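Please open the structure in your viewer, with the cartoon shown and the side chains hidden for now. The tour below moves from one selection to the next and says what to look for at each stop.

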Amino acid sequence: MLLLDREAIAARFDADRALAAVEAGFIAYSRGQVQTAPVQNFRFADANGDCCVKSAHIAGEEALVVKVSTGFYDNPSRGLPSNDGLMLALSARDGRVLALLQDQGWLTTIRTALAGRLAARLLAPSRVARIGMLGAGEQARAQLEQLRAATDCREVSVWSRQPAQAAAFCDFAATLGFRARPAADPREGAAESNLIVAATPPRQPLLLRGWIRSGTHITALGADGPGTQE
């Protein structure tokens, strides 16, 4: 069995190859060539956390992959990352365990960001006036990093429930060549943006129909389990 930790995975990572794999996976799924099991969702309300277990196999591929992913959203205040997890690859031919990827949620973050890049490349307006970010955590940063290759727009508005996190996001955005500023609320961010990335898992809606500019593309990432809605 191959055992890889986060550092070893990151050292081998090729973004273009990974993007092609994500795109191929979407196409295979739409063609009915993917087996998936129902997602297992666990919610830990007292700890503001959740856990999901997902699995899939593409017809003809050697490996079945099972992923365990956790998100505990108060962790940053404790000096801990908000996401963790691992992936297990098993042979679809003889059942052997092929690899354990102890990625600590890194692959989930990157895969989701690549999916956002792909969606923006295919669906966003040809001219993006401003990118609106809802959420300013690890996934929002990964999304912005990948959007550099999907749009020439470098203007960003970011909203976060934590003003300090939004300010830190603006500093991070500057290192990527973006000009980012905090938005007072989601409505303000929506009013000036026609590419919106919602990267936070709220229990109540953040965006309302009347706020959205005509022709706006929304990449919605946070509504990935029961009760979450953006």
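What follows is a walk through a predicted model, taken stop by stop.

**First stop: the parallel sheet**

Begin by selecting the five strands that form an open sheet in the order β10-β9-β8-β11-β12, and note that their pairing is parallel. Which strands stand at the edges? They are β10 (179-182) and β12, each of which has a single partner strand, so one side of each is left without a neighbour in the sheet. If you turn the view to look along the sheet, neighbouring strands are turned by 20° against each other on average, direction ignored.

Now narrow the selection to β8 and β9, which run parallel and are joined by four bridges. Within this pair, Gly132 can be picked out opposite Ser157 in β9.

**Second stop: the helices on the sheet**

Add α4 to the view, and you will find this helix packed on the sheet, where α4 touches β8, β9, β11 and β12, while its direction makes about 160° with that of β8. Then add α5, which lies across β8, β9 and β10 and runs at about 175° to β10.

**Third stop: the nonpolar cores**

With the sheet and both helices still displayed, show the side chains of Ile131, Met133, Leu144 and Phe169, which have the most contacts inside the largest nonpolar core, a set of 22 residues. The elements that give two or more residues to this core are β8 (131-134), α4 (138-147), β9 (155-159), α5 (163-175) and β11 (195-198), and α5 gives the most, with five residues. As background, nonpolar side chains tend to be buried together in soluble globular proteins.

Centre the view on Phe169 and display its surroundings: leaving aside neighbours within four places in sequence, Phe169 is in contact with Met133, Ala136, Ala140, Arg141, Leu144, Val156 and Val158. A second core, separate from this one, has 16 residues, and Ile9, Ala89, Leu107 and Ile110 are among them.

**Fourth stop: helix α3 and His217**

Next select helix α3, residues 106-123, whose 18 residues reach 26 Å from the first C-alpha to the last, close to the 26 Å expected at 1.5 Å a residue. Is α3 largely enclosed or largely open? Of its 18 residues 13 are buried, so α3 is largely enclosed by the rest of the structure.

From α3, move to His217, which lies in strand β12 (residues 217-220). His217 is buried, with a relative accessible area of 9%, and its side chain makes a polar contact with the side chain of Thr219 at 2.8 Å. Not counting neighbours within four places in sequence, His217 is in contact with Ala119, Ala120, Leu123, Ala124, Pro125, Asn194, Leu195 and Ile196.

**Fifth stop: the antiparallel strands**

Shift the view to strand β4 (residues 49-58), and begin with strand β2 (residues 34-36), which runs antiparallel to β4 and is joined to it by three bridges; here Thr36 stands opposite Ala56 in β4. Strand β3 (residues 40-44) also pairs with β4 in the antiparallel sense, over five bridges, and Asn41 stands opposite Cys52 in β4. β3 and β4 form a hairpin with four residues between them, and Asn48 in the turn has a positive phi of about 50°.

Continue to strand β5 (residues 63-72), which pairs with β4 in the antiparallel sense over eight bridges, with Lys67 in β5 as the bridge partner of Lys54. These two strands, β4 and β5, form a hairpin with four residues between them, where Gly60 in the turn has a positive phi of about 90°.

**Last stop: two exposed loop residues**

Select Ala45 in the loop between β3 and β4, an exposed residue with a relative accessible area of 55%. A distance drawn from the C-alpha of Ala45 to that of Gln165, 120 residues apart along the chain, should read 22 Å.

Finally, select Arg161 in the loop between β9 and α5, which counts as exposed at 52% relative accessibility. Although Arg161 and Thr200 are 39 residues apart along the chain, their C-alpha atoms are separated by 9.9 Å, and Arg161 touches Thr200, Pro202 and Leu206, not counting residues up to four places away in sequence.

Conventions:
Residues numbered from 1 in each chain as written. Predicted model: local features only at pLDDT ≥ 70, side-chain atom pairs only at ≥ 80, totals over all residues. Heavy atoms only, no water. Expected span 1.5 Å × (residues − 1). Buried < 20%, exposed > 50% of the residue type's maximum accessible area, 1.4 Å probe, protein only. Polar contact = N/O pair within 3.5 Å; in protein donor to acceptor, adjacent residues only side chain to side chain. Contact = heavy atoms within 4.5 Å. Core = buried A, V, L, I, M, F, W, Y, C linked by side-chain atoms within 4.5 Å. Pairing = 2+ DSSP bridges. Axes fitted to C-alpha atoms, helices over the stretch in contact; angles between N-to-C directions.
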